[in-house]
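Trainee: I'd like a close look at a single part of this protein. Could you pick one buried spot and walk me through what surrounds it?

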Amino acid sequence: AYATLGNGGKYNKAHTIRRIENMKGEIIYQYIPEQTQVVKESTAATMTQALKYARSNGTPASGRKQVSYDISFGAKTGTSSYSSEEISAYGVSNYAEKDHWMVGYSPEYSIAAWTGLAVEDGPTLYRTGGNSNSNKAVGSYMVAAWMNKFAPAGTDFDFLGSANSGKVGGIGGFEVSNSHDSSTVSWTVPG
């Protein structure tokens, strides 16, 4: 979904081979993308503005510090928590997370990183204390490393002029708020 937002709302089927050349350097296969507009460009622009803001000011900010400022990308985190029964039964920290996602995208790439515990039995939770809050930054750093390595510097999303302009953070209809360890992006629908 983030790749579609980063592409101005156009969906491209995932592919791994762009081109095949023979030993003479002649192209014998060239992938030709078939794009389908599945999200309005203005919606993709508004969401990208919001996620660029979240990347700069919200939870993924720890990874932001590791990415070249010449690389434009949007990012957001997501989590799932342990139930109060699991916290009591296994002694897991109230701040531990079952799953922590970090998803980011540039005009060229999208990437998702997950940290969590693949095994959630009693002995594992007792031993590790759950997926601790200190693991939260790991996904951000993984995304940052990928972007630094592969995303070209100096590019930006060429469709951002389609975004509505508004008073809050330059994002029309959006209200962005931040607290110590999370960011919230909400929006209102006119009418």
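Mentor: Sure. Let's start with a cut-off: a residue is called buried when its relative accessible area is under 20%. Ser-72 comes in at 9% relative accessibility, so Ser-72 counts as buried. Keep in mind that this is a predicted model, so treat every value here as computed from that prediction. For some background, 35% of the 191 residues in the chain count as buried, and the secondary structure comes to six helices and nine strands.

Where does Ser-72 sit? You'll find Ser-72 in the loop between helix H3 (61–64) and S5. Now look at what its side chain does. There is a polar contact of 2.8 Å between the side chains of Ser-72 and Asp-156, and another, of 3.3 Å, between those of Ser-72 and Lys-52. If you set aside the neighbours within four places in sequence, the residues in contact with Ser-72 are Lys-52, Tyr-105, Ser-106, Pro-107, Thr-155, Asp-156 and Phe-157. Such links across the sequence fit a wider pattern: among contacts in the chain with a separation of 6 or more, 62% are between residues 24 or more positions apart.

Let's follow one of those partners. Lys-52 belongs to helix H2. Again not counting residues up to four places away in sequence, Lys-52 touches Ser-72, Phe-73, Gly-74, Asp-156, Phe-157 and Leu-160. Asp-156 therefore turns up in both lists, touching Lys-52 and also Ser-72, if you go by the cut-off that contact means heavy atoms within 4.5 Å. The helix that carries Lys-52, H2 (residues 41–57), lies across S5 and S6 and runs at about 75° to S5.

That brings us to the sheet under discussion. Three strands make up an open sheet, in the order S5-S6-S7, with antiparallel pairing. Strand S5 (74–81) and strand S7 (110–116) are the edge strands, each pairing on one side only. From one strand to the next, the twist averages 15°. Eight bridges hold together the antiparallel pairing of S5 with strand S6 (residues 97–105). If you want a landmark in there, find Thr-79, which stands opposite His-100 in S6. As a rule, side chains in a regular strand alternate between the two faces of the sheet.

S6 also leads us on to the largest pocket, with a volume of about 720 Å³. Of the 27 residues lining that pocket, Ala-3, Asn-12, His-15, Glu-108 and Tyr-109 are the closest to its centre. The elements giving two or more residues to the lining are helix H1 (2–6), strand S1 (10–12) and S6. H1 gives the largest share, four residues.

One more stop, at a hairpin elsewhere in the chain. Strand S2 (residues 19–21) and strand S3 (residues 27–30) run antiparallel and are joined by three bridges. Ile-20 has Tyr-29 in S3 as its bridge partner. Five residues lie between the strands of this hairpin, where Gly-25 takes a positive phi near 85°.

To come back to your buried spot: Ser-72 lies in the loop before S5, with side-chain polar contacts to Lys-52 and Asp-156.

Definitions and conventions: Residues numbered from 1 in each chain as written. Predicted model: local features only at pLDDT ≥ 70, side-chain atom pairs only at ≥ 80, totals over all residues. Heavy atoms only, no water. Pairing = 2+ DSSP bridges. Axes fitted to C-alpha atoms, helices over the stretch in contact; angles between N-to-C directions. Buried < 20%, exposed > 50% of the residue type's maximum accessible area, 1.4 Å probe, protein only. Polar contact = N/O pair within 3.5 Å; in protein donor to acceptor, adjacent residues only side chain to side chain. 1 Å grid on protein atoms, 1.4 Å probe; cavity = no way out; pocket = protein on both sides within 12 Å on 5 of 7 lines; lining within 4 Å. Points joined across faces, edges and corners; volume = space filled by probe spheres on them.
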